[in-house]
Amino acid sequence: MYTQFFGNYLLANNLITKEQLFSAMRRMTDEHMRLGTLAINAGYMTSKEVNQVVIEQTHVDRKFGELAIDLGFLSNQQVVELLQEQSPDFLLLGQLLVDDGVLTYQDFEKIIADYRSANELIDLDMTQDNHDNIARLFENFLVVSEEPVTIYGRLYMELLFNNFVRFIGEDFTALDPEQILAYPPECCVSQKVLGDYSVTSYLSMDEAAAIAFASRYVNEEFTEYDEYVQASLADFLNLHNGLFIVNTSNIESKELSITAPLEVDAPVLEFTNRTYHFPILYSFGLVNFIFEVVRLPQ
């Protein structure tokens with residue numbers, strides 16, 4: 001999981017200030033991960049147990065692992081496992097915030113669980129019809145593109161439809177995709193994913209569909225297309241792309257980043273790279289997802 005997204009998560013939930021975040025991030029290259037942090041992350045120890053060992057260390061000159069084993073919190077095998085595994089950077093950021101007194105270990109334990117719950121890729125329990133629709137979509141995509149779907153493309157699209165189900169609703173049908181050279185957007189937002197796998201995505205629909213889409217997404221009734229509806233479309237796209245790069249980091253160890261989502265007001269979009277249009281028919285209208293592939297991993 002990316003440190004930058006963990007930091008954004010902490011800021012967005014008012015758990016820390018920007019000054020506290022920057023102070024911790026500046027020191028990350030000079031610090032190392034401690035065993036107690038790793039043990040909490042792995043679920044081997046609770047924050048209360050880690051605190052107990054830390055307090056015990058103030059009375060005796062012994063290593064954390066030795067004391068944790070003596071107190072029955074860890075086994076020898078677990079200590080070896082924790083010291084050998086490659087840990088995500090966001091844990092070190094959390095550890096530094098604990099050192100600074102910004103968070104307690106109890107805070108950090110809860111935040112880790114909440115952060116994972118908010119960002120992990122979940123294979124939702126779709127209806128069989130939608131499983132069939134998405135399976136057919138990939139089959140038709142192969143025909144349209146005349147090339148195999150990369151692991152990144154499959155991860156991106158499966159996550160996209162999971163997010164449609166999770167945040168908008170399951171009452172949709174994935175229509176046949178098509179390769180396009182241009183597209184006339186209506187109510188449209190876009191965002192870029194940058195890195196070894198680089199794509200630009202667009203979310204476009206007419207005003208009535210945009211109002212209904214935003215109403216479902218924020219669980220609030222909108223009656224006209226305004227800046228709040230537009231911001232809801234941008235937030236959905238940003239959420240989806242953010243989850244994609246977090247999961248790509250977890251699964252494929254690829255470090256990607258995203259730009260800020262933008263409103264698109266051009267009368268026609270013209271594409272210089274391979275671009276695909278995925279129409280999704282909801283009960284409230286047609287949602288158009290456009291996917292421009294800028295760079296594939298070598």
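This talk walks through selected features of one predicted model.

Good morning, colleagues. I begin with the strands, then turn to the cysteines, a loop, the aromatic rings and, at the end, a pair of helices.

Let us start at strand E4, which covers residues 198-205. How enclosed is this strand? Of its 8 residues, 8 are buried, so E4 is largely enclosed by the rest of the structure. The side chains divide between two directions. Ser198, Thr200, Tyr202 and Ser204 point one way, while Val199, Ser201, Leu203 and Met205 point the other way, and all of them are buried.

Which strands pair with E4? One of them is E3, residues 187-194, which runs antiparallel to E4 and is joined to it over 7 bridges. Within this pairing, Val189 has Leu203 of E4 as its bridge partner. E3 and E4 make a hairpin, and 3 residues lie between the two strands. In that turn, please look at Gly195, whose phi is positive, at about 135 degrees.

E4 is also joined to strand E8, residues 285-295, by 7 bridges, and this pairing too is antiparallel. Two partners can be picked out here. Thr200 is matched with Glu292 of E8, and Ser201 has Phe291 of E8 as its bridge partner.

Let us follow E8 further. This strand is mostly covered, with 8 of its 11 residues buried. E8 also pairs with strand E7, residues 269-282, through 9 bridges in the antiparallel sense. Phe278 stands opposite Phe289 of E8. The connection from E7 to E8 is a hairpin through 2 residues.

I now turn to the cysteines. How many disulfides does the structure hold? The number is 0. Why does Cys187 not form one? The closest cysteine sulfur to that of Cys187 belongs to Cys188 and lies 8.9 Å away, which is too far for a bond; a disulfide would require the two sulfur atoms to be within 2.5 Å. Cys188 is likewise in no disulfide, as its nearest cysteine sulfur is that of Cys187. Both residues are enclosed: Cys187 is buried, with a relative accessible area of 7%, and Cys188 counts as buried at 2% relative accessibility.

The next stop is the loop between helix H11, residues 207-218, and helix H12, residues 227-252, where Asn219 lies. Asn219 is not a glycine, yet its phi is positive, at about 55 degrees. Is Asn219 buried or exposed? Its relative accessibility is 74%, so Asn219 counts as exposed, given that the cut-off for exposed is over 50%. Thr223 has its place in the loop between H11 and H12 as well. Thr223 is also exposed, with a relative accessible area of 71%. Along the chain, Thr223 and Ala212 are 11 residues apart, and their C-alpha atoms are separated by 8.6 Å.

We come to the aromatic rings. The count of aromatic pairs comes to 13. Let me show two of them. In the pair of Phe213 and Phe236, the ring centres are 5.2 Å apart and the planes stand at 90 degrees, so this pair is edge-to-face. Phe213 belongs to helix H11 and Phe236 to helix H12, so their pair ties together parts that are 23 residues apart in sequence. Phe213 and Phe236 are both buried.

The second pair is that of Tyr282 and Phe284. Here the ring centres lie 4.9 Å apart and the planes are at 10 degrees, so the pair is stacked. Tyr282 counts as buried, at 3% relative accessibility. Which residues do ring pairs link into a cluster? They are Phe161, Phe164, Phe167, Phe213, Tyr217, Phe236, Tyr282 and Phe284. Both of the pairs just shown thus have their residues in this cluster.

My last topic is helix packing. Two packed helices are described by the angle between their axes and the distance between the axes. Helix H2, residues 18-26, packs against helix H7, residues 89-99, at an angle of about 115 degrees, and their axes are 9 Å apart. This makes H2 roughly perpendicular to H7. The crossing of H2 past H7 is right-handed.

To close, I return to the starting point: strand E4 has 8 of its 8 residues buried, and 7 bridges join E4 to E8. Thank you for your attention.

Methods: Residues are numbered from 1 along each chain as its sequence is written. This is a predicted model: local features need pLDDT of at least 70, side-chain atom pairs count only at pLDDT 80 or more; totals for chains, interfaces and linings use all residues. Side-chain values use heavy atoms; hydrogens and water are left out. Buried means under 20% relative accessible area, exposed over 50%, partly exposed in between (1.4 Å probe, protein chains only). Helices (H or I, at least four residues) and strands (E, at least two) are DSSP runs, numbered from the N terminus. Two strands pair if DSSP finds at least two bridges between them. Rings of Phe, Tyr and Trp (its six-membered ring) pair if their centres lie within 6.5 Å; planes under 30 degrees apart count as stacked, over 60 as edge-to-face and the rest as tilted. Axes are lines fitted to C-alpha atoms, for helices over the stretch in contact, and angles run from 0 to 180 degrees between N-to-C directions. Angles under 35 degrees count as roughly parallel, over 145 as roughly antiparallel, 65 to 115 as roughly perpendicular and the rest as oblique. A crossing is left-handed if the near helix is turned anticlockwise from the far one by less than a right angle, and right-handed if clockwise.
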